[in-house]
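Reader: Could we go through a strand and its neighbours, and then turn to the internal cavities?
Author: Certainly; the structure is shown first.

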Amino acid sequence: MDVLDEKTNGVPPMEIDEVVSVHDHEAFAAKHLPDLGHDVKDFKVFSWTLRGWKKLEKKLTSEEFECGGHKWRILLFPFGNSNAPPNDTVSVYLDYADPKKAPEGWHACAQFALVISNPNDPTVFTVSHAHHRFIMEECDWGFTRFSELRKLFNVQEGQSRPTIENEVAEVTVFVRVLEDPTGVLWHNFVNYDSKKETGYVGLKNQGATCYMNSLLQSLYCTRYFRRAVYQIPTEEELPTESVALALQRAFYHLQTSDQPVGTTELTKSFGWKSLDSFLQHDVQEFNRVLQDKLEIKMKGTKAEGAIAKLFLGKMKSFIKCVDVDFESSRIEEFNDIQLNVKGMKDLEASFRNYVEVEKMEGDNKYQAEGLGLQDAQKGIIFESFPPVLHLQLKRFEYDIQRDAMVKINDRHEFPFEIDLKPFIDQTIPAKDENWVYKLHGVLVHSGDLHGGHYFALIKPDRNTRWLKFDDDRVTPVTDKEVLEENYGGEALTINGLPAPQQRNQVRAMKRFTNAYMLVYIREIAIDEVLAPFTEDDTPPHLKRRLDEERLQIEARKREKEEQHLFLTAKVITDESFARHEGFDLASFDEKNWPPSDLPSFRVLKQETYSIFKKRVAEHFNYPEHQIRLWVLVNRQNKTVRPDTHIPENEPALNVEVIRNNMAARQSDLRLYLDVIPEGSKLEPPPGSIMVFLKHFDTTKQTLYGVGKSYVPRNSKVSDLFSIINERMRWTPGTPLKLYEEIKPGMIELMKVKSTFAQSEIQDGDIICFQVDLPDKEIHDFESQGLYSNPVQFYDFLQNRVMIIFRPKNEEIDAEHPEFSLTLSKKQNYDAMSTKAGEYLRHEPIKLRFTTTLPSNGQAKSVLKRSLNQSISEIMAPSYINPTTTVILYEKLDVSIVELETKRSLKVIWTGIHNKEEAAFPFLLPKTSMVHDLADHIAKQVTLSPTGSGKIRVFEVSKDGKTQKEFTGTEMIGNIPDPVELFAEEIPVEELEADDADKVISVFHFSKEVQRTHGVPFKFVVKPGEKFADTKKRLQARIGVSDKDLAKYRFALIQVSTFKQPSYIEDDDTIYDHKFAPEDVLGLDHVDKSGKTRTGAGEKAIVIRG
């Protein structure tokens, strides 16, 4: 059928799959090796005839042949290899011959087809194709289950003879060695070294801030910008609190590290909690806020003005009359340009669309000052473009049909070079300059609206090739990967023809991968913007600081690696015992109490005891002969006590042996330093016991160690009285009570007439004493809620917990401090509120407490005083690791008893002129209605004499753009908490608005729609009114001076679309705009309140540091 018939009949011919002979090499390769879109370096065909198939050896290799500068051969297992069923299958591979002789780091990218055919009829064959990157570790590739043997030996359907006939067959391989200009084609990236291959390193992915990584790499490669950032003085700053320092550090690490660099420090410096970094912000907004922050830091330094110099351009918006000589225009600065993608073929078309002139004629004529209604042209033209031009491609737009945001995946082409001269104002001298721009960076998004992946393609300078910065990996890329693969649009075609079906599916996925931001650099500025970086460009303080940190990290790493060679020895001294309030001689593993801060030694396990003892003696400044060390052991009753002293006469003894033999079941070595008085012997007196003494002071309510004493085993317990009185410098004969601290929960009064041996006292036991009190004193102590004996105090210690109190709604300051209290788990709510009240000097009944979630410290539930729960119940059992309990407090003006039936509300009054004039607190019964609240407000404020006398109570919407008005019949007890309430006087104009008028919402913002501030209000729009007149009424409504109003700009905001605000001219009639319910009027002016409000709906990025 010839071509003409096809056209006349209009019916495509049926595709007949003609069999191509294996011997017709070109045709066979064209049919069985799909075009992968890569240039072919070399193509070879090699055939190998095999006879007596059934008698062949289990493994065979063909002769070698050369292709693309590499030696190859066929590797055949006639009956299958070990991974295939034996005697059932043929396994055949393409094998790289003698890879050990190839140069180090060799690789070859090959596409190949392996064929077994009938030598007498080469149209009878079995074929499989593949492609692979051949490397040392993977030097053969092919098919373990190439074909079942029986299929090769038997005639298959549609064929006249078998593939292997008379046990003879021909094995052929078609090999295309492909060009690999980037060196990473089909790379598996195992052991890939970005620094070695490209000279650059990547950034670790920290969550949903992947676009941040792309932008940071782009800014890092803009070397002029990097230099400017380095010039900000940061010597005295902390990286987690200073964006400038954190960015300097990130850049320095990118410059010097050979591993991917983390960004946690940087996002911490923004003041982001972990959640913030996961909110998918917009790259344009992030870039602007980051640059604003850096510009502030650059003021007054060598870097001042660098950001404006690099990124700031100027455009003129104008209205020019056609028939009279009149033009109204305004020059505006820009940091980036947002260009439409939808319906635009390429970048040039987007620019033409941006500067397209709108005709103002017919009903839409322009009211020219003093010249009446005129035909006019309205548009934008550029006065200048910056040296570094950031272009935002509008890939995300609002779809009216779907009523949702969608990603625009349309094809949109952009070039390596673009001349922007046609878009420069032709009436200014700048039109004669060179406005050619070279592509420097492409920021790419792969995926749909709800997620996906971000990466950047950057050309760091004139001489470096294009690189792909994909989070922690940097790889070279081809020009095609920079342009064609990121245009978006339908599946790619190969040589203008549709891609083969099997490839098509792979390529179709790429439609979701496209550029969303382009970075161009002005050709005449390239050498300055991308000037090579020198040693002097890096601040010495930064280098010094980071080199020191690197050494510290290496030392810590070394310490960790050598940890198994060391153990830690903790030493209890009489001084530390005297500071210890708790069980035993020190706290080690208590669940609710931090461990004691003890002197610690890192000791080599093989260090001899004599050397270790010498170190300890030097540390505590004692002569060696004046100390001995006792080993503490874990007793069966869970206490930790000194057991025996380390023998002095075994010179070969080392610390590991001491730990293993004398202190089993402990990871570290716990010791007591026994200081021997001058003139005493090193060995303890024979027949004596070493006991430790603790004093419970009833007056101070404290329990502290007061040293130790050696007592003869057979002496009476009462013999301690004189020792204690002397040590405490009390009058001889002061009556005492002695208790043995056996274990927590077991503190027993001792029988003073018994001997120590009869009382089963042994080395390391603890005896607690107190002055024996008369009954009246005991009664006085207990009536005050104090402890009168050690048994009670030990019970408190056993149940003590530390609770941290933080202010719930205020920042921490002198008036609202963060503090901690030690309480017993057995105490109750009242005891806790009393102690907190004492600390805060606030009536306990006027404190309200809220528990927190242990996972994130967020408020959980308000504690009810009426339940009077115990501290144990308030803490609630934590099944995770025991954590410190945090309780939030509020200082109230009313008692919490009253609060249980009433609702405390604060209302901000904005009057008639939309100004935050005052805040009024109210305490009303929960059953009150909102209109009752309005009546209470009316008594507190002065309404305008000629006004409506009516008050509106409202909340502000989450996005800060509209009011959420109450009807008046809501019960205030049902208003969700927390709430921010506002009230205003309703203007007469609004109450008198008729059906023809429109009542719209108005809000305040600064530069960007997301940066809302102030309080939104309602406003009446009248039919046929020019905006010049509307503006005067607005001025009266918000009560601003002519001078301030001149600084205001007015914009229509279509919340539901992704459009930029459209700024309003004086002759516009905004009534004619078809207002959707959520369309609002925005007043763009500087926020003088300092109270920027950003709703959860569209949270603006805030960078703190």
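Reader: Which residue in β24 does L467 stand opposite?
Author: In this predicted model, L467 stands opposite P476 of β24.

Reader: And which residue of β23 is the bridge partner of I458?
Author: That partner is again L467.

Reader: How many bridges join β23 to each of these strands?
Author: Strand β22, residues 453–458, is joined to β23 by 3 bridges, and 4 bridges link β23 to β24, residues 473–476. The strands run antiparallel in the pairing of β22 with β23 and in that of β23 with β24.

Reader: What lies between β23 and β24?
Author: The two strands form a hairpin with 2 residues between them. In that turn, D471 has a positive phi of about 50°.

Reader: Back to the strand itself: which side chains of β23 are buried?
Author: The side chains alternate along residues 467–470. L467 and F469 point to one face and are buried, whereas K468 and D470 point to the other and are not.

Reader: Changing topic, how many cavities of 30 Å³ or more are there?
Author: There are 2 cavities of 30 Å³ or more. The second largest holds about 30 Å³ of space.

Reader: Which residues line the second largest cavity?
Author: Its lining consists of P987, E989, E990, K1018, F1019, V1020 and R1037. Two elements, α26 (988–991) and β49 (1008–1021), each give two or more residues to this lining, and β49 gives the most, with 3.

Reader: What is the make-up of that lining by class?
Author: The lining has 4 charged residues, 3 nonpolar and no polar ones.

Conventions. Residues are numbered from 1 along each chain as its sequence is written. This is a predicted model: local features need pLDDT of at least 70, side-chain atom pairs count only at pLDDT 80 or more; totals for chains, interfaces and linings use all residues. Side-chain values use heavy atoms; hydrogens and water are left out. Buried means under 20% relative accessible area, exposed over 50%, partly exposed in between (1.4 Å probe, protein chains only). Two strands pair if DSSP finds at least two bridges between them. On a 1 Å grid over the protein atoms alone, a cavity is a set of points where a 1.4 Å probe fits but cannot get out, and a pocket is an open set with protein on both sides within 12 Å along at least five of seven lines; lining residues have an atom within 4 Å of a point. Grid points are joined across faces, edges and corners, and a volume is the space filled by probe spheres set on the points. Ala, Val, Leu, Ile, Met, Phe, Trp, Tyr, Cys and Pro count as nonpolar, Asp, Glu, Lys and Arg as charged, and the others, Gly among them, as polar.
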